[in-house]
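Biologist: I would like to go through the labels attached to this structure and hear the grounds for each one. Please set every value against its cut-off.

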Amino acid sequence: MKRSNRLVVLTEYFLENPRKHIQLPYFVELCNTTKSSISEDLDIINEVFQHKGLGYLERTTGAGGGVKYIATSSAEAGENFITTLQKKLEDPVRILPGGYLYMSDILGDPSMVREIGRVFASCFAHLEIDAIVTVATKGIPLAYATASFLNVPVIIARRDPKVTEGSSVSINYVSGSSRKIQTMVLPKRSLPDGSNVCIIDDFMKAGGTITGIKSLLKEFSATVQAVGVLAEADDEEDERVVTDYTSLLKISPVDIQNHHVSVQPGNYQMGL
C-alpha cells in the first residue's frame with residue numbers, strides 16, 4: 001500500500017477508535033507494509049494531529065508496545081469555541097418568560113455538541129475514566145459526545161425506573177435550587193462495581209442533581225474522577241453544594257428589565 005493510502009487508512013482508524021491501544025503488528029498487516037514504514041507514518045500523523053489541534057498519538061515501547069490516539073482540542077481552539085458559545089447565548093432573543101435562557105438549539109446541533117464533547121475530553125484527557133454518567137434528559141447528548149472522544153460507554157440515571165432495564169438502585173435527594181425531594185434510579189447491571197466515572201450535565205445551579213448522582217454512584221462503589229457541566233449559574237456560588245467541577249460557561253441572572261444576558265467563560269482548563 002502506498003504511503004498516501006496508508007496515511008488515510010491509519011488516520012481514519014484513529015479518529016474512529018480514540019484511546020484504543022493497538023500494537024504495531026496490527027497496522028503492519030492491515031497496510032501490508034513494514035514496521036519501520038508504519039512507525040514513520042505514525043510520526044507524520046502525530047505531527048499533523050498536533051498542528052491541527054486534534055490531539056496526539058501516545059506510543060509505548062517494549063513487548064506490548066503500540067499506539068493509541070488521544071483526542072483533544074488545543075487551548076486556542078477551545079477558547080475560540082467557548083467564545084462562540086458565549087456570543088450565541090448572549091443573544092437577547094434567547095430570553096424566555098421567567099428569566100430562563102433558551103439552549104435547546106445548541107443541545108440539538110450535532111456540530112456544537114461534538115465540539116463541547118471534545119473540549120470536555122481535553123479537560124479530562126489525563127484521567128482514567130471507564131464511563132460517562134449523566135441524568136436524563138438534556139445532559140444526554142453532551143454525555144455521548146464526550147464519551148465518543150474518550151471511547152467509553154454512557155450510563156443514564158433517570159427519574160423513574162424503566163421495566164425494560166431490570167432491577168434498579170434508587171435514591172432520594174434534595175434538589176439544590178428548589179429544595180424539593182427528587183428520586184433518581186440506575187439499573188444494577190448498567191455500571192460495574194468500582195468503576196471510574198465522569199459526570200456530565202448541561203446546567204448546574206446549586207449542584208443538588210450532581211450531589212444526587214454522586215450519592216447514587218456510591219451504591220456502585222464508583223469513583224467520581226471528574227464532573228463537567230456546560231454552564232453554571234453565576235448567582236448560586238454561596239449556596240453551591242458541589243465545589244470540584246469543570247464548567248465551560250458561567251451565566252449571570254438574566255436582566256429581564258433591560259433584556260440583557262451576561263455569559264462568561266467557566267473554570268475549565270484544557271488537559272494539554
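Modeller: This is a predicted model. Arg158 forms a salt bridge with Glu165, with 3.8 Å between the closest N and O atoms.

Biologist: Why is the pair Arg158 and Glu165 called a salt bridge?

Modeller: The cut-off is a side-chain nitrogen of Lys or Arg within 4 Å of a carboxyl oxygen of Asp or Glu. The closest N and O atoms of Arg158 and Glu165 are 3.8 Å apart, so the pair counts as a salt bridge.

Biologist: What makes Arg158 partly exposed, and what makes Glu165 partly exposed?

Modeller: Buried means under 20% relative accessible area and exposed means over 50%, with partly exposed in between. Arg158 has 23%, so it is partly exposed. Glu165 has 27%, so it is partly exposed as well.

Biologist: Which residues are joined into one network by salt bridges that share partners?

Modeller: Arg3, Arg6, Glu40 and Asp41 are joined in that way. Within the network, Asp41 and Arg6 have their closest N and O atoms 2.5 Å apart, and the limit is 4 Å, so they form a salt bridge. Asp41 lies in helix H3 (residues 35-51) and Arg6 in helix H1, 35 residues apart, so the pair is said to link distant parts of the chain. Both Asp41 and Arg6 are buried. The structure holds eight salt bridges.

Biologist: How do you know that Glu58 and Lys68 form a salt bridge, and which strands do they lie in?

Modeller: The N to O distance between their side chains is 3.7 Å, and the limit is 4 Å, so the pair qualifies. Glu58 lies in strand E2 and Lys68 in strand E3, so the salt bridge ties together parts that are ten residues apart in sequence. Glu58 has 33% relative accessibility and counts as partly exposed.

Biologist: What makes E2 and E3 a pair of strands?

Modeller: Pairing needs at least two bridges. Six bridges join E2 to strand E3 (residues 66-71), so they pair, and they run antiparallel. Leu57 stands opposite Tyr69 in E3.

Biologist: Why are E1 and E2 called edge strands?

Modeller: The open sheet has three strands in the order E1-E3-E2, with antiparallel pairing. Strand E1 (22-23) and strand E2 (55-60) each have a single partner strand, so one side of each is left without a neighbour in the sheet.

Biologist: What makes strand E6 mostly covered?

Modeller: Five of the five residues of strand E6 (residues 131-135) are buried. Ala131, Val133 and Val135 point one way, Ile132 and Thr134 point the other way, and all are buried.

Biologist: Which strands does E6 pair with in the parallel sense?

Modeller: E6 pairs with strand E10 (residues 196-204) over three bridges, and with strand E7 (residues 154-157) over four bridges. Pairing requires at least two bridges, so both E10 and E7 qualify as partners of E6. In E10, Val197 is the bridge partner of Ala131. In E7, Ala157 stands opposite Val135. From E6 the chain crosses through helix H7 (residues 140-150) to E7, in a right-handed β-α-β crossover.

Biologist: Where is Thr137 found, and what kind of peptide bond joins it to Ala136?

Modeller: Thr137 is in the loop between E6 and H7. The bond between Ala136 and Thr137 is cis, with omega about 15°.

Biologist: What makes Tyr100 exposed, whereas Ile106 is called buried?

Modeller: The relative accessible area of Tyr100 is 53%, over the 50% limit, so Tyr100 is exposed. Tyr100 lies in strand E5 (residues 100-101). Together with Leu96 and Tyr102, Tyr100 forms a nonpolar surface patch of about 310 Å² of accessible area. Ile106 has 4% relative accessibility, under the 20% limit, so Ile106 is buried. Ile106 lies in helix H5 (residues 104-107), and its contacts beyond four places in sequence include Leu85, Leu89, Met112 and Ile116.

Biologist: Why is the phi of Arg19 picked out?

Modeller: Arg19 has a phi near 60°, a positive value in a residue other than glycine. Arg19 sits in the loop between helix H1 (3-16) and E1. Its relative accessible area is 22%, between 20% and 50%, so Arg19 is partly exposed.

Definitions and conventions. Residues are numbered from 1 along each chain as its sequence is written. This is a predicted model: local features need pLDDT of at least 70, side-chain atom pairs count only at pLDDT 80 or more; totals for chains, interfaces and linings use all residues. Side-chain values use heavy atoms; hydrogens and water are left out. Patches are made of residues with over 30% relative accessible area and no salt bridge: like charges are joined within 9 Å, nonpolar side chains (Val, Leu, Ile, Met, Phe, Trp, Tyr) within 5 Å. Accessible areas come from the Shrake-Rupley method with a 1.4 Å probe; for residues, only the protein chains shown count as cover. Buried means under 20% relative accessible area, exposed over 50%, partly exposed in between (1.4 Å probe, protein chains only). A crossover is right-handed if, with the strands pointing away from the viewer, the path from the first strand over the helix to the second runs clockwise. Contact means heavy atoms within 4.5 Å.
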